[in-house]
Amino acid sequence: MFLNCHTYFSLRYGTISPEQLVDRAAKWGIKALALTDINRTSCTYEFITRCQNAGIKPIVGIDFRDDNHQSLYIGLARNAEGFRELNALLSAYSLAGKPLPPRPTNLPNCWIIYPRLDQPGVGITEYRDNELLGIRAIHVSKLFRHALLQHQTKLVILHPIVFFDDEGYRLHTYLRAIDRNTVLSKLKRSDIAKKGDRMVPPDTIERYFAAYPTIINNTQRILDDCSIDIQSGLHHNRQAFTGSKSGDFILLEKLARKGCAERYGLVHPKAQQRLEKELRVIRNQDFCAYFLITWDIVRYAESMGYHHVGRGSGANSMVAYCIRLTNVDPLELDLYFERFINPYRASPPDFDIDFSWDERDDVLDYIFKRYGREHTALLATYSTFKTRAIIRELGKVVGLPKAEMDQLVADPNAVDSHHELAKDIFHYGALLEGFPNHLSIHAGGILISEQPIHYHTALEMMPKGFPITHFDMYHAEEIGFHKYDILSQRGLGHIKESVSLIRHNQGRSVDIHDVDSIKQDQRVKQQLKSGKAIGCFYIESPAMRGLLSKLQCDNYVHLVAASSIIRPGVAKSGMMKEYIKRFHAPNSFEYIHDVFREHLGETFGVMVYQEDVMKIVHHFAGLDLDESDVLRRIMSGKKHRKDTFEHLRRKYFENCRIRGYSDQLAQEVWRQVESFSGYSFCKAHSASFAVESFQSLYLKAYFPLEFITAVINNDGGFYKKEFYVHEARMQGAIVHAPCINNSLPLATIKGTDLYLGFSTLHQLQSRVANHIVQARALGGSFRNMEDFIQRVDIRSEQLDILIRIGAFAFTGKSKYELMWEKNALFKPSGPHERSLYLFDNQDIPDDLNLPVLEEGPFDQAFDEIELLGFPLCSPFALLHDPDGTIAHDCILADRLSGRSGQRVRLIGYYVCQKSVRTNRGDRMAFGTWLDQAGDYFDTVHFPDTISRFPFCGSGLYKIDGRVTQEFGFHSLEVIAMKRLPFVQDQRMI
């Protein structure tokens, strides 16, 4: 009898999870249930599966509502074709941004139920065969002698389910107030569900309608008529690339063999044997099309000159390496294909393909056009309600002032000082925790389906113009979809633009894809070993630079390990410290077993990667590699059947007994595997990142100015733009403020002169920047202020910005002189008209007298701070030190060496900090600074120190501390810290 059920995927309306809905229905003996979330199909597959497991007949549909949240009609799918019709209807209007029609087009495989008789333009006498009118229990008494009795065959029971009880109703009202952005007292009756919209036993519903058995029978007839079953499996994915599966294998085999010969040479038995094995598994598991579609995407990108990085578990595949999806050699790193694909793996694999941030959208556009918008969609993700945000949202809807909400967030345990409504806020906030709040876009997942995508989901348009599914990656995985992760990152933008700048500035071509040569380059290895990696992908953070220095890392294999052990879980477990210790003293420990020596010798017996779990249980206990990967996934928290884990655990210990291991040894190895696998990192993933890191290191080692300019233009990386500008200066660049005669919207490098781009001026309009470049291209360099004003369409306040930053410095005039000149020349009484001179006689009169105005010594620096966010001079030049004594007892960072345990003092310019919590929950921090010479140094701030000497924002600090040294890396354990003043800003005096 339940044709209109909502879960919490009826966003900011429903209060019931799919699991709760089905469990309650099963408890009350309900035999059929219809899911009709509001303009959503997010949990359809989950609902169907849960109903089938509970012995309930699942029916799916959509509650179509307008922008005011008023129900227009409810569509129920009679079959899979009907579900497609409903999805297509909702998608057509959602993608076009148009309101839903008051009456849908004819949907022959659906039932349409109108919630009220006064539906605009739709009279009951005009209903189609599949259109019905829903009657609520509260309206039954009004049917007596009503004209509707003449149309009983068109009437069905309509009992919406939104919540279970009064508490659920209250939660629903909170959700509606959040959605309407209003306080509870201002909610309209039409904004919320009726109090009776709750699940009741089916016999209760039938008693309400006992006087009208025809309505009951009609409702049952609808339930009986609807049927849908979505079977999970890989058949939902695009089945063939070439048109047939046999053709796919022929093409994949040809590409792989050709690539193998190019990568390994014509004779390489080990590579050829591995290739044959992988091709066989790929064919047997029906993944040929998956590989070829990924290859096609990469092929398109390469044809457009785009750089890419193939990473993730897909980099474990030699076939992927041979067809150039990745640049990671599985033989070199002993990567197991089974980590990517094996017969026991329940979930489909996925490739992660990174493109530059400014090229990804074009690649996505190609995929949609190549494989058809009817079959292609991006994956959704759901932003959920989180604790702090919930408190603020609920505080707003009950009318709490901001100060009281801040108090609740800051100190939720201070019950005595809370507002009287706080108890309700925390109670309903706990119920709301984890509810989906709004639909968002997955970082890069894209689906390509065999059937039109509307057989699986409705679609919603995202701002960039690509449609997304209503379900997320977890639902997609349950259905059987394998996703293509088309991701973006700025590191590839650094590399791509560096190559372009090198060609432009030096006239040289760089083969950045000759990875083998780059990995062996001694200059690149030395750059890595030094830890001087500012701007280099994945290895520039303070923690990573410190790790590289501690390890004296100078090769690819060790960088792959470093990229893994830097991960929070590994570091927190103590394994990072153990790895460094063993790295420096490889003979100082005993391997627990020879298997560890043989297969983990590269990492000194420390399990660093997810693949290490597979190695140990395979080589130590004899589990198949396929089974080893299943065990790894289970231990990592992936979904699994309980009996699968128990079977593998028993097999592990039984195999250990057969091999003669002691119980103590078997238990210890199991303990290590079990404790490690929860935080381990994919080796192939680290290896892919390490390749890109080496490419960045190569560019920085040989072409530092072009490289750092590219980093600046791609919005940097870990640090603020200021510190990449500083790095350019340290590498020998002469840094100039934006200049009207030399700058472009982005930074440019000319020899060793680096001109910042107009885009670094936060308040300068991009339109103005483009006009400057266009005018310069048409008429050549600007000669003076008057020439500029005549040729560029610009407003007074925008011209002020250019004058203040020094964009007219080439004229030799001070900013004050230029401001006077501007006021004399710039008098826009009407629309500005740009022009070129007809005659060259437009000079300013020689006898123009200006008052004498002098710039202060620091005016330019403060203008730069205001307009750029940082000064172009050394920040130490701004230190207020009238008697010159502040720095007299301070040392530089390069003097820390040899002073371990000594108390020293430095002046540092704040770069960044990272706050962490100790095991006791106290806050401590790690700081990064620049000294007067421009070198970086690091500090440690323990809880007692940071509470007494906190960070106070950016600027200069005097730092007292004790020098510590760990594996040759020096840092400062802070004892006291004080922020120092800048000189006074005299511009406004």
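This is a short chat about aromatic rings in a predicted model.

Trainee: How many aromatic pairs are there by the rule used here?
Mentor: The count comes to 48 aromatic pairs. One of them joins tyrosine 702 and phenylalanine 703.

Trainee: What's the geometry of the 702 and 703 pair?
Mentor: The ring centres of tyrosine 702 and phenylalanine 703 are 6.5 Å apart, with 45 degrees between the planes. That pair is tilted.

Trainee: Is phenylalanine 703 buried or exposed?
Mentor: Phenylalanine 703 is buried, because its relative accessible area is 2% and buried means under 20%.

Trainee: And what about tyrosine 702?
Mentor: Tyrosine 702 counts as partly exposed, at 29% relative accessibility.

Trainee: Now 718 and 719. Why is the pair of phenylalanine 718 and tyrosine 719 called edge-to-face?
Mentor: Their planes sit at 70 degrees, so the pair is edge-to-face; the cut-off for that is over 60. The ring centres of phenylalanine 718 and tyrosine 719 are 4.9 Å apart.

Trainee: Which labels do phenylalanine 718 and tyrosine 719 get, buried or partly exposed?
Mentor: Phenylalanine 718 is partly exposed, at 47% relative accessibility. Tyrosine 719 is buried, with a relative accessible area of 6%.

Trainee: New topic. Which residues do ring pairs link into a cluster?
Mentor: The cluster links Phe287, Tyr290, Phe291, Phe337, Phe340, Phe351 and Tyr484.

Trainee: Charges next. Where does arginine 65 lie?
Mentor: Arginine 65 lies over the face of tyrosine 13, 4.7 Å from the ring centre.

Trainee: Which ring has arginine 263 over its face?
Mentor: That ring belongs to tyrosine 321. Arginine 263 lies at 3.9 Å from the ring centre.

Definitions and conventions. Residues are numbered from 1 along each chain as its sequence is written. This is a predicted model: local features need pLDDT of at least 70, side-chain atom pairs count only at pLDDT 80 or more; totals for chains, interfaces and linings use all residues. Side-chain values use heavy atoms; hydrogens and water are left out. Rings of Phe, Tyr and Trp (its six-membered ring) pair if their centres lie within 6.5 Å; planes under 30 degrees apart count as stacked, over 60 as edge-to-face and the rest as tilted. Buried means under 20% relative accessible area, exposed over 50%, partly exposed in between (1.4 Å probe, protein chains only). A charge sits over a ring if NZ of Lys or CZ of Arg is within 6 Å of the ring centre and within 35 degrees of the ring normal.
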